[in-house]
Amino acid sequence: MRISVTDNILSFLFFFSRKKKPPFPFNLQKRKRKKNNSRSDIHKTLPLYANSQDTENMLIMERLKSPPPLMIVSDLDHTMVDHQDHDNLSLLRFNSLWEEAYRRDSLLVFSTARSPILYKELRKEKPLLTPDIIITSIGTEIAFGNSMVPDHSWVETLNTHKWNQEIVLEETRKFPELTLQPKTEQRLHKVSFYIDEGKGEAVTKELSHLLEKRGLDVKIIHSWGMNLDVIPRGGGKGEALEYLLKKLKAEGMSPVNTLACGDSEHDAELFSIPDVHGVMVSNSQEELLKWHTENALNNSKLIHSSERCADGILQAIDYFKLGPTLSPRDASEFLNGKADIANPGQEVVRFYLFYERLRRGEIKKYETYIASFKESCDQDAVFFHPSGEEKSLREAIDELRKYNGDRSGKKFWVWVDQVLVIDNISGKCIVKFDKWEQCEDERKCCTTTVEFTSKGRGCLVWEQVKQIWSEESELNDENNCWII
């Protein structure tokens, strides 16, 4: 029997080369004031956009017959990521649901004020999934997939607006209240400053007048009481989302439903787009709630959740009836459950949720589950360890007994990312994903390929598991402790 892949799928497959070095840890709550940079140095750090893309980094969009049932567009800091949740419970809850129920046919988009550099640093700090699309620098940059392949059409769109970075730098020199932020935050269509406390309103008004007299049409964004950003009028989170929606529509692939998620006034633009559902998470800033009262109180497509961050996103999915909302991490019978239709995403999430809980010592009758997972494996199933060792998959699962509770009392998490079917032929299904595990501050990742065969309705048999170290993992002696 062949595993069915429904016609209602729009999947993005990315062929890419990974960067050689992982990003480094960085905790961003607010952009901190650092040493002033010379305005003449700003152009040395601007991203370069090639006229043609290297084929190794080309984005390949595989179009199937129908649009994605759901596209989530979420801010990161204090929306998808809860900086007060040091165990990342809400984020991990969202991750497992997305990979189990949505990854195969829906789209995940992150929209953040962070630059690409600071976004990569957040990925190192938090267990974030890889989005299909990433919007950075307050909506002035759009990129795709792991390699963050830039959308050159969006760059050209912003180039057509009344924007001149030299003029912005020239006029802002007249304001001693402004200090240039670090070079990493100066982008092709964004100039960022720190501003003295209490000066935001006056500087914004006067600077807007000066730039308008010079023929520019810009947005000046004052945030957190200490940051001031200047971007083209055509840029911004809302404009970037509208651009993506038009691009998908032109391909006949408009999402059936779009859910925008945010916590700050920056995100208000996302909630102003027609036919887009929206959620302001419970921990939203007062400025956003004030905007809602003044501008969108009667918008039935926008809610203020009672849950924080990623839990608020799940609450909105349920409120608008956009799809499943029970995370595998919250389903008491998830480890016992089987789908009516063969679902490789569910199978993978189910196994690694068991693996995490076993090592945390949270499963009392773990022997029953080990026996069940062994039964799910073919008698001749093989496991290829990233070290190169080859052994029976059933034997590898048997050996899990000795690791029961070895991570008890520690901050230990396991999550899977980008669970996608890459081949489905002759009754065999090949699934590829990144399997991550983190213990305290150390994290490791293996790119994992699993071969399944279908046996009866909703039943998948594990035939082979092969793992290789991801280039995002730093190899050391501790990697000898990798189990599966």
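The following conversation explains how several descriptions of this predicted model are reached.

Colleague: How many helices and strands are there in the protein chain?

Modeller: The protein chain holds 11 helices and 20 strands. Of its 484 residues, 55% are buried, and the accessible surface of the chain comes to about 22,200 Å².

Colleague: Why is strand β19 called largely enclosed?

Modeller: A residue counts as buried if its relative accessible area is under 20%. In β19, residues 442–454, 10 of the 13 residues are buried, so the strand is largely enclosed by the rest of the structure.

Colleague: How do you know that β18 and β19 pair?

Modeller: Two strands pair if at least two bridges are found between them. Strand β18, residues 428–439, is joined to β19 by 12 bridges, so the pairing condition is satisfied. The two strands run antiparallel, and one of the bridges links Asp434 with Thr447 in β19. In the hairpin of β18 and β19, 2 residues lie between the strands, and Glu440 takes a positive phi near 55°.

Colleague: What makes β19 and β20 a pair?

Modeller: The same condition of at least two bridges applies. There are 9 bridges between β19 and β20 (residues 460–469), so these strands pair as well. They run antiparallel, with Phe452 opposite Trp462 in β20.

Colleague: In which sense do β15 and β20 pair, parallel or antiparallel?

Modeller: Strand β15, residues 377–384, pairs with β20 in the parallel sense over 4 bridges. Phe384 has Lys466 in β20 as its bridge partner.

Colleague: What is the order of the strands in the open sheet?

Modeller: The open sheet of 6 strands has the order β16-β15-β20-β19-β18-β17, and its pairing is mixed.

Colleague: Why are β16 and β17 called edge strands?

Modeller: Strands β16 (390–392) and β17 (412–425) each pair on one side only, and they are the edge strands. On average, neighbouring strands of this sheet are turned by 20° against each other, direction ignored.

Colleague: Why is helix α4 called oblique to helix α5?

Modeller: Helix α4 (residues 165–172) and helix α5 (residues 200–213) pack at an angle of about 135°, with their axes 10 Å apart. An angle over 145 degrees would count as roughly antiparallel, and 65 to 115 as roughly perpendicular. The angle of about 135° fits neither range, so α4 is oblique to α5. The contact involves Ile167, Val168, Glu171 and Thr172 of α4, together with Leu207, Leu210 and Leu211 of α5. The crossing of these two helices is right-handed.

Colleague: What makes α1 and α9 roughly antiparallel?

Modeller: The axes of helix α1 (residues 89–102) and helix α9 (residues 344–359) cross at roughly 150° and come within 7 Å. Angles over 145 degrees count as roughly antiparallel. The two helices are therefore roughly antiparallel to each other. Ser96, Glu99 and Glu100 in α1 meet Gly345, Gln346 and Val349 in α9.

Colleague: How do you know that both faces of strand β5 are covered?

Modeller: On one side of β5 (residues 133–136) stand Ile133 and Ile135, and on the other stand Ile134 and Thr136; all of them are buried. Buried means under 20% relative accessible area, so both faces of β5 are described as covered. Strand β4, residues 107–111, is joined to β5 by 3 bridges and runs parallel to it. Ser111 has Ile135 in β5 as its bridge partner.

Key. Residues numbered from 1 in each chain as written. Predicted model: local features only at pLDDT ≥ 70, side-chain atom pairs only at ≥ 80, totals over all residues. Heavy atoms only, no water. Buried < 20%, exposed > 50% of the residue type's maximum accessible area, 1.4 Å probe, protein only. Areas by Shrake-Rupley, 256 points an atom, 1.4 Å probe, with all protein chains shown as cover. Axes fitted to C-alpha atoms, helices over the stretch in contact; angles between N-to-C directions. Parallel < 35°, antiparallel > 145°, perpendicular 65-115°, else oblique. Left-handed = near helix turned anticlockwise from the far one by under 90°. Contact = heavy atoms within 4.5 Å.
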